[in-house]
Amino acid sequence: MSGGVEIVPVVSKAELDRFIRVPMRLGARDPNYIAPLLFERGESLTAKGNPFFEHADVQFWLAVKDGRDVGRISAQIDHLNPQTKDGVGHFGLIAAEDDPAVFEALFATAEAWLKAKGCRTAIGPVNLSTNEEVGLLVEGHDTPPMFMMSHDAPHTPGRIEGAGYARAKDIYAYVCSVADDLPAPILRRVRKTPAEGVVLRELDMKRFDEEVRTLTGILNDAWSENWGFTPTTEAETKALASTLKLLIDRRLAWFAEIDGEPAGFMILLPNINEAIADLKGKLFPFGFVKLLWRLKVKGPKTGRVPLMGVKKKFAGTLRGQLLPFQLIDAVAQAARKLGYERYELSWILEDNTAMRRICDAGGAKVYKTYRLYEKALA
């Protein structure tokens, strides 16, 4: 115990439940905080529900002071992440009261765990994989987060920096108005007869498992040169797709093919946060009915594009360079008909110039900034 702060390893189901609820209590007075669904968090933070645990070492801790849970943190080593061989480990899921002693105790514990496993550098927050929630919100606290994006207390960046961490990389979330078409010069090209060999099509729900395998292949190829990229396993993609299957609208999930080969894709998901904002993490006894009504009857007004990519072999060709805009236009037209008003493209690394150019050219604007921090472990 240091500074009156006790650090408790999470080993039981009850402790995991406490771990999940820490940010819910901290964000209770923040009008833009949205509590995640408790059952979803319970699934995603266990080996039973998340295939990430098959290739990673993970530990969670609670910070307790005066009998209260005042903070939490995770540490993990992903053995599929190429940076692991360079001695990089991750911290994540950081949330704590505005108390330097709490942050100091949490980071000291996580860093000691990483060092004991041979790590020389800590980078985070990563919650838990680089293919899940990444980065700490540093700009954009004035609006609620989209589905599967974090919303961190404004004091957190300063406390992380106070623990000796420096900025490693910024990550952006862009926002688009569904009512706005692509700029006219781009739109004219997009809506011409597709180039020979180019086919755009909706997701085929009858071949859902095969479509998931296709998406995984494109994703791993398209993102392979991004900083910190970790290849997603088919089990991870399948688990995520299974979780989201009820939410996926085939009209908002598009694939592009070139000469019969899968070349690119884009998926827009309804922003579940819009539908669960007042549920306080609970689906029972009436939350599930409310959620279904809001998604299937009332219809969401906002959405998020978490997955988009074009294979590298096509990205530098004339046909491939037009694919992102063709996919954006196809999804946007469908979203407009379904009553969507705006959607987020996230997350996008600051040095992913290709994707940032596409967002800028399409009229999207940065409205949230997330930050990854790093620290050398002495």
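Arg 201, which belongs to strand S10 (residues 198–202) of this predicted model, counts as buried because its relative accessibility is 19%, and burial here requires a value under 20%. The surroundings of this arginine can be followed through its side chain, which makes a polar contact with the side chain of Glu 211 at 2.7 Å and another with the side chain of Glu 257 at 2.9 Å. Once residues up to four places away in sequence are set aside, Arg 201 touches Arg 207, Glu 211, Ala 253, Trp 254, Phe 255 and Glu 257, so that both glutamates of the polar contacts appear again in this list, given that contact means heavy atoms within 4.5 Å.

The internal spaces come next. A search of the whole structure finds three cavities of 30 Å³ or more, and the largest of them holds about 180 Å³ of space. Its lining consists of 16 residues, those nearest the centre being Leu 215, Ala 241, Ile 248, Ile 267 and Leu 307. At least two lining residues come from each of helix H6 (208–222), helix H7 (234–244), strand S11 (253–258), strand S12 (261–270) and strand S13. By class, the lining of this largest cavity comprises 14 nonpolar residues, one polar residue and one charged residue.

The second largest cavity has a volume of about 70 Å³, and the residues around it are Gln 83, His 90, Ile 123, Val 126, Thr 130, Val 134, Trp 227, Gly 228, Trp 347, Leu 349 and Leu 372. Seven of these lining residues are nonpolar and four are polar, while none is charged.

Open space is treated separately from enclosed space, and the second largest pocket contains about 780 Å³. Of the 35 residues that line this pocket, Ala 222, Trp 223, Asn 352, Ala 354 and Met 355 are the closest to its centre. The elements that contribute two or more residues to the lining are strand S13 (302–310), helix H10 (312–315), helix H11 (318–337), strand S14 (342–349) and helix H12 (353–361). The lining of the second largest pocket divides into 20 nonpolar, 11 polar and four charged residues. Strand S13 therefore takes part in two of these linings, since it supplies at least two residues to the largest cavity and two or more to the second largest pocket, an assignment that rests on the DSSP runs used to define strands.

The backbone also has some particular features. A cis peptide bond, with omega of about 0°, joins Gly 124 and Pro 125, and Pro 125 has its place in the loop between strand S5 (121–124) and strand S6 (126–127). Another cis peptide bond joins Asn 127 and Leu 128, here with omega of about -5°, and Leu 128 sits in the loop between S6 and strand S7 (133–134).

Positive phi values are found at residues other than glycine as well. Asp 66 has a phi of about 55° although it is not a glycine, and this aspartate is located in the loop between strand S2 (56–65) and strand S3 (68–78). Asp 66 is classed as exposed because its relative accessible area is 69%, the threshold for that class being over 50%. Met 148, also a residue other than glycine, has a positive phi near 65° and lies in the loop between strand S8 (136–139) and helix H4 (156–162). Its relative accessibility is 27%, which means that Met 148 counts as partly exposed.

Thr 84 belongs to the loop between S3 and strand S4 (88–96). Its side chain reaches the backbone oxygen of Asp 78 at 2.5 Å, and, leaving aside neighbours within four places in sequence, Thr 84 is in contact with Ile 77, Asp 78 and His 79. Between Thr 84 and Thr 121 the separation is 37 residues in sequence and 9.5 Å in space, taken from C-alpha to C-alpha.

The cysteines remain to be considered. A disulfide is a covalent bond between the sulfur atoms of two cysteines. A search of the whole structure finds zero disulfides. Cys 359 is in no disulfide, and the nearest cysteine sulfur, belonging to Cys 176, is 6.8 Å away, whereas a disulfide would require the two sulfur atoms to be within 2.5 Å. Cys 359 counts as buried because its relative accessibility is 4%, and Cys 119 counts as buried because its relative accessibility is 8%.

Technical notes: Residues numbered from 1 in each chain as written. Predicted model: local features only at pLDDT ≥ 70, side-chain atom pairs only at ≥ 80, totals over all residues. Heavy atoms only, no water. 1 Å grid on protein atoms, 1.4 Å probe; cavity = no way out; pocket = protein on both sides within 12 Å on 5 of 7 lines; lining within 4 Å. Points joined across faces, edges and corners; volume = space filled by probe spheres on them. Helix = DSSP H or I, 4+ residues; strand = E, 2+ residues; numbered from the N terminus. Nonpolar A, V, L, I, M, F, W, Y, C, P; charged D, E, K, R; others polar. Buried < 20%, exposed > 50% of the residue type's maximum accessible area, 1.4 Å probe, protein only. Polar contact = N/O pair within 3.5 Å; in protein donor to acceptor, adjacent residues only side chain to side chain.
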